Amino acid sequence: MKLVTPSAAQTIIQSQNPIQLIDVRETYEFDYGNNGFVNIPMAEMAEKVAILDNNLPTVLICRSGKRAEAVAIFLEKCYGFTDLFVIDGGMIAWKEIIDPQIQLD
């Protein structure tokens, strides 16, 4: 797992194809404002991990980065994911650096 800034994540997203973009926030958080990632809440990851490909680069985000980091560790240890990127600072940093129009609160 690599912690990356929102700017570095955006570069990775633009340069990798195919790539998985996963938002691990709760559905109500995601519905309030998101950046187009697929929403798989942290609590549902174990039951939905089968829809992911552990061979693809995967970018994870949450509100601040902590849940995404925990999910990344889980995916590495339990499912063999090796190409994981966690956006440091999560959606808070994404809003500050990439898209100030996203609603979080």
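These points concern a predicted model and take up its sheet and two of its helices.

1. The sheet is an open one of 5 strands, arranged in the order β1-β5-β4-β2-β3, and the pairing within the sheet is parallel. Its edges are formed by β1 (2-4) and β3 (38-39), each of which pairs on one side only.

2. At the β1 edge, the partner is strand β5 (residues 84-87), and the two strands pair in the parallel sense over 3 bridges. Within this part of the sheet, Val4 is placed opposite Ile87 of β5. Helix α1 packs on the sheet, where it touches β1, β2 (20-23), β4 (58-61) and β5, and the direction of α1 makes about 110° with that of β1.

3. Helix α5 also deserves a look beside the sheet, since it lies across β2, β4 and β5 and runs at about 95° to β4.

4. The two helices should be considered together: the axes of α1 (residues 6-15) and α5 (residues 90-97) come within 9 Å and cross at roughly 85°. Because angles of 65 to 115 degrees count as roughly perpendicular, α1 is described as roughly perpendicular to α5.

5. As for the residues involved, α1 contributes Pro6, Ser7, Ala9 and Ile13 to this contact, while α5 contributes Ala93, Trp94 and Ile97. Sorted by class, the contact of α1 with α5 has 6 nonpolar residues and 1 polar residue, with no charged residues.

Terms used. Residues numbered from 1 in each chain as written. Predicted model: local features only at pLDDT ≥ 70, side-chain atom pairs only at ≥ 80, totals over all residues. Heavy atoms only, no water. Axes fitted to C-alpha atoms, helices over the stretch in contact; angles between N-to-C directions. Helix = DSSP H or I, 4+ residues; strand = E, 2+ residues; numbered from the N terminus. Parallel < 35°, antiparallel > 145°, perpendicular 65-115°, else oblique. Contact = heavy atoms within 4.5 Å. Nonpolar A, V, L, I, M, F, W, Y, C, P; charged D, E, K, R; others polar. Pairing = 2+ DSSP bridges.
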